[in-house]
Amino acid sequence: MQLKIYNSLTAEKEIFKPILEGNVGMYVCGPTVYSNVHLGNVRTFLSFDFIYRTLMHLGYKVRYVRNITDAGHLTDDGNVENDRFVKQTRLEKLEPMEIVQKYTVDFHKVLDLFNLLPPNIEPTATGHIVEQIELTQKLIERGFAYESNGSVYFDVLEYNKRGLNYGELSKRNIEELFANTRDLDGQGEKKNPQDFALWKKASPAHIMRWNSPWGEGFPGWHLECTAMSTKYLGEKFDIHGGGMDLKFPHHECEIAQGKACNDTEPVNYWMHANMLTMNGQRMSKSTGNYILPMQLVTGENDFFEKPFHPTIVRFCFLQAHYRSVLDISNDAMIASEKGFLRLMEAVKILNSITPNDDKKSDFNLQDWKAKCYDALTDDFNSPILIAHLFEAVKFIFALNDGKETISTKDLEELKSLLNAFIFEVLGLQAIEENNNEKLDQTLQVLIELRNQARKSKNFDLSDQIRDKLLAEGIELKDGRDGTTYVLN
């Protein structure tokens, strides 16, 4: 089996060749913890959780690094009032690190809910200020950066003059970039509008600040990831991942910083997860087409008819390839729930089946196994893997009906493979039956039967239903808004 990965840098699928055989170094850009993690973030991190699980299943030893951005940054207009950390601390009347702690905890809780494995290392930006200052000094010494009024900027024009290519990842032309970029962030401090901040001078109003050779300030966003990825994975590592929205300028700047510092391409394979939409539209707070992960799970929203278990949401997300746009809707979630329950029923049936050694298997297990691994090794194709799983599900139901046969050897291997693909690789979890929910559904059926009996003037049946339930400790109460029940 040869693993192929779509490399955003070359825009091609390439055979994966790790730097150190049998080992993978993978860095994924983590959240900026100033607010609740949103559903689009969950989709990205879930995609890389599936990739991480697949790599381990294929036998690789993976060092997975995912950072936490806990330092404030100016927005494009350079106005400290628009710094997200500044705005949130004022809104909630909390200290900056209280905001960081609150939303880091929320981030971990949400990812645990969706059964994401933790990374091997989870560094924070504020924990690596020294490394970022050292990188900035190195870039100045090598002539790729300059200090201006207490801030330090990366010189993009100088970078390209030396035969390097700012724009290689996003496929952007440097002349067009210079022509179409206004100096919103530098306020006249930059040599060129496209230059980006490595270190920013802190204004008196800026809350998060650190001492540096250039005065008090804070690191540039792009610099943080370069400092943390190279510290834990080396100057050159295998895989760098993140959302599609980070390709430019964030990842483009990371490449420039890495090459300028270390004279080498910092990453061999760049991977980007696509965006999440809802009901065919981009999710946005301003339009109201927006939902938090917990609102989808609890049902406290206006978009979905019922709550959905986190593993149902995970299953829905994995039915789209990580590079494809994923659209969620009520119908999509209902369909995912039905598919998931059928998958779990097949697993349950398979564990109770007795093999028949008198006949050979009707199911070509080795061919099915090969197709499953072909999907996994073809750029982590989760929807194709799931389609193959349902081929096995169809066989299992036929087997249960006595229409197919399977040998002991094939049965044991099918059990092992199905469990590995479903629970280890896809990361799905069995849902425990909610007895309270089933009781409620049963009682609603009985209440409806009693209502129909009353409408047809069959009072004997109506009273019989009421009295039998009362004998079991369930009291029906008729009111203006209908019939309810009380458990005594």
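The expected span of a helix is 1.5 Å times one less than its number of residues. In this predicted model, helix α7 has 13 residues, and its first and last C-alpha atoms lie 19 Å apart, close to the expected 18 Å.

**Figure 1. The whole chain of the predicted model.** The chain contains 16 helices and 15 strands. Its C-alpha trace spans about 90 × 65 × 35 Å along the principal axes. Of the 488 residues, 51% are buried. Among contacts with a separation of 6 or more, 73% join residues 24 or more positions apart. The average pLDDT of the chain is 90, and 92% of the residues score at least 70. Residues 74–78 have a pLDDT under 50 throughout, and for this stretch the model has 16 contacts beyond four places in sequence.

**Figure 2. Helix α7 and its surroundings.** Ten residues are labelled in this view as buried: His 222, Leu 223, Glu 224, Cys 225, Thr 226, Ala 227, Met 228, Ser 229, Thr 230 and Leu 233. Since 10 of the 13 residues of α7 are buried, the helix is largely enclosed by the rest of the structure. Gly 234, just after α7, takes a positive phi of about 100°.

**Figure 3. The packing of helix α4 against helix α7.** Helix α4 covers residues 129–141 and helix α7 covers residues 221–233. Their axes are 9 Å apart and meet at an angle of about 105°. Angles of 65 to 115 degrees count as roughly perpendicular, and α4 and α7 are therefore roughly perpendicular to each other. On the α4 side, the contact is made by Glu 131, Gln 132, Leu 135 and Thr 136. On the α7 side, Leu 223, Glu 224, Thr 226, Ala 227 and Lys 231 take part. The residues of this contact divide into 3 nonpolar, 3 polar and 3 charged.

**Figure 4. Phe 315 in helix α10.** Helix α10 runs over residues 310–318. The buried residues of α10 are Pro 310, Thr 311, Ile 312, Val 313, Arg 314, Phe 315, Cys 316, Phe 317 and Leu 318. With 9 of its 9 residues buried, α10 is largely enclosed by the rest of the structure. Phe 315 has a relative accessible area of 1%, so it counts as buried. Leaving aside residues up to four places away in sequence, Phe 315 touches Ser 336, Gly 339, Phe 340, Leu 343, Ile 386, Phe 390 and Leu 428. Ile 239 is 76 residues from Phe 315 along the chain, and the C-alpha atoms of these two residues are separated by 25 Å.

**Figure 5. The cis peptide bond from Phe 248 to Pro 249.** Most peptide bonds are trans. The bond from Phe 248 to Pro 249 is cis, and its omega is near 5°. Pro 249 belongs to helix α8, which covers residues 247–262.

**Figure 6. Asn 279, with a positive phi.** Most residues other than glycine have a negative phi. Asn 279 is not a glycine, yet its phi is positive, at about 55°. The residue sits in the loop between β11 (276–278) and β12 (281–282). Asn 279 has 40% relative accessibility and so counts as partly exposed.

**Figure 7. Asp 379, with a positive phi.** Asp 379 is not a glycine, and its phi is about 60°. Its place is the loop between α12 (365–377) and α13 (382–400). Buried means under 20% relative accessible area; at 0%, Asp 379 is therefore buried.

Terms used: Residues are numbered from 1 along each chain as its sequence is written. This is a predicted model: local features need pLDDT of at least 70, side-chain atom pairs count only at pLDDT 80 or more; totals for chains, interfaces and linings use all residues. Side-chain values use heavy atoms; hydrogens and water are left out. Axes are lines fitted to C-alpha atoms, for helices over the stretch in contact, and angles run from 0 to 180 degrees between N-to-C directions. Helices (H or I, at least four residues) and strands (E, at least two) are DSSP runs, numbered from the N terminus. Angles under 35 degrees count as roughly parallel, over 145 as roughly antiparallel, 65 to 115 as roughly perpendicular and the rest as oblique. Contact means heavy atoms within 4.5 Å. Ala, Val, Leu, Ile, Met, Phe, Trp, Tyr, Cys and Pro count as nonpolar, Asp, Glu, Lys and Arg as charged, and the others, Gly among them, as polar. pLDDT is the predictor's confidence in each residue, from 0 to 100. Buried means under 20% relative accessible area, exposed over 50%, partly exposed in between (1.4 Å probe, protein chains only).
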